[in-house]
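Here are my notes for your first reading, arranged as numbered points. Please keep the structure open beside you and look up each place as it is mentioned.

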Amino acid sequence: MKFEEKTTDIIKRIHDVKSFRFRRPEGFEYKPGQYILVSLTVEGKVVTKAFSLSSSPTEKGHIEFTKKLTGHPFSNVLDNMNIGDSAVISGPFGNMTFEGEYAKVALLSGGIGITPMVSICRYCTDMHLDADIMLIYSNKTENDLAFREELDEMMHNNSNLKVVYTLTRASESWTGCRERICENMVAREIPDYRERHFLICGPPEMVRSMEEMLIAMKIPKDMVKKEALAGY
């Protein structure tokens, strides 16, 4: 489905991350974890980029994607958008989805790769699904944790959801995990990892590393879904 819509809300998540909301047109259906293509005019040319939806299908009034602001031309156009500005959107695309079809899942996320995981967690929480969800969310510093308040609220409302935050450049006051996602961490935080399906999303190098890790941990390939997000 392809359509043009105006922004209805722009939300600053953290210092360098914004969410952009558009009216959800009638007939636009998607699964949690899918992505869309967004076309904008950049330096006089139409440029199209892919964005995972950070909204949930349970949110009927809007769709939302979220962008880390990088200073690149496309990113700058988004950063300068105002409510009422338009974008051409097409989709949905992608198969890194989860709608409760597995009893247990593990979500491994790095940086802005949290966006489809937020969609999945919101969907499962809103639908009161019984699925056991473990999310490990890796970032550099505490200030880089987009959607932390939203995830904490979902954990409060969903006893089947557990989120582990881990930082690679944590401050002295940080009391959580202080390491990259690795075999030891997964085994420690998710003792029943062999019983779970895995979803991975983050920068390409992080996704490759997580794939190699899961192979070493003897997780079958058909129990792993992935989405690599290139920066721009």
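1. What is the volume of the largest pocket? In this predicted model, the largest pocket has a volume of about 950 Å³. Its lining is made of 37 residues, and those that lie nearest the centre of the pocket are Lys68, Gly110, Gly111, Ile112 and Pro203.

2. Once you have found the pocket, it helps to trace which parts of the chain line it. Two or more lining residues come from each of the strands β4 (45-52), β5 (62-68), β8 (132-139) and β11 (224-228), and from each of the helices α2 (114-126) and α5 (204-216). Of the elements, α5 gives the most to this lining, namely four residues. Sorted by character, the lining of the largest pocket holds 17 nonpolar residues, 11 polar ones and nine charged ones.

3. The domains come next. The domain assignment divides the chain into domain 1, covering residues 2-93, and domain 2, covering residues 104-228, and the C-alpha centres of these two domains lie 23 Å apart. Where they meet, 20 residues of domain 1 are in contact with 17 residues of domain 2. The lining of the largest pocket also involves both domains, since at least three of its residues are drawn from each of domain 1 and domain 2.

4. Turn now to the interior. In soluble globular proteins, nonpolar side chains tend to be buried together. The largest nonpolar core in this model has 30 residues, and the members that touch the most other members are Leu107, Ile114, Met117, Ile133, Leu135, Tyr137 and Leu151. The elements that give this core two or more residues are β7 (104-110), α2, β8, α3 (148-157), β9 (161-167) and β10 (197-202), and the largest share, seven residues, comes from α2. Apart from this core lies another one, of 21 residues, which includes Leu108, Ile181, Ile200 and Met213.

5. Which residues does Tyr137 touch, not counting those up to four places away in sequence? The list for Tyr137 is made up of Ser109, Gly111, Ile114, Asp144, Leu145, Ala146, Leu151, Val164, Tyr165 and Thr166. One of these, Gly111, is also among the residues that lie nearest the centre of the largest pocket, while Ile114 and Leu151 appear among the residues of the largest nonpolar core that touch the most other members.

6. Is Phe147, which has 3% relative accessibility, buried or exposed? Phe147 counts as buried, because a relative accessible area under 20% is the cut-off for that word. Phe147 is found in the loop between β8 and α3, and its C-alpha atom is separated by 11 Å from that of Tyr137, a residue 10 places away along the chain. Leaving aside neighbours within four places in sequence, Phe147 is in contact with Arg13, Ser19, Ser54, Glu64, Thr66, Ile114, Thr115 and Val118.

7. Please check the backbone in strand β6 (residues 86-93), where Pro92 has its place. The peptide bond that runs from Gly91 to Pro92 is cis, with an omega near 5 degrees. Gly91 lies in strand β6 as well, and it is buried, with a relative accessible area of 4%. Although Gly91 and Tyr30 are 61 residues apart along the chain, their C-alpha atoms are separated by 8.3 Å. With neighbours up to four places away in sequence left aside, Gly91 is in contact with Met1 and Phe28.

8. Two further residues deserve a look for their backbone angles. Glu43, in the loop between β3 (35-42) and β4, has a positive phi of about 50 degrees although it is not a glycine. Lys218, in the loop between α5 and β11, is likewise a residue other than glycine with a positive phi, here near 65 degrees. Glu43 counts as exposed because its relative accessibility is 70%, and Lys218 counts as exposed because its relative accessibility is 71%.

9. Finally, compare sequence and space at one more place. Glu43 and Pro57 are 14 residues apart in sequence, and their C-alpha atoms are 33 Å apart in space.

Key
Residues numbered from 1 in each chain as written. Predicted model: local features only at pLDDT ≥ 70, side-chain atom pairs only at ≥ 80, totals over all residues. Heavy atoms only, no water. 1 Å grid on protein atoms, 1.4 Å probe; cavity = no way out; pocket = protein on both sides within 12 Å on 5 of 7 lines; lining within 4 Å. Points joined across faces, edges and corners; volume = space filled by probe spheres on them. Nonpolar A, V, L, I, M, F, W, Y, C, P; charged D, E, K, R; others polar. Domains from an automatic or database assignment. Core = buried A, V, L, I, M, F, W, Y, C linked by side-chain atoms within 4.5 Å. Buried < 20%, exposed > 50% of the residue type's maximum accessible area, 1.4 Å probe, protein only. Contact = heavy atoms within 4.5 Å.
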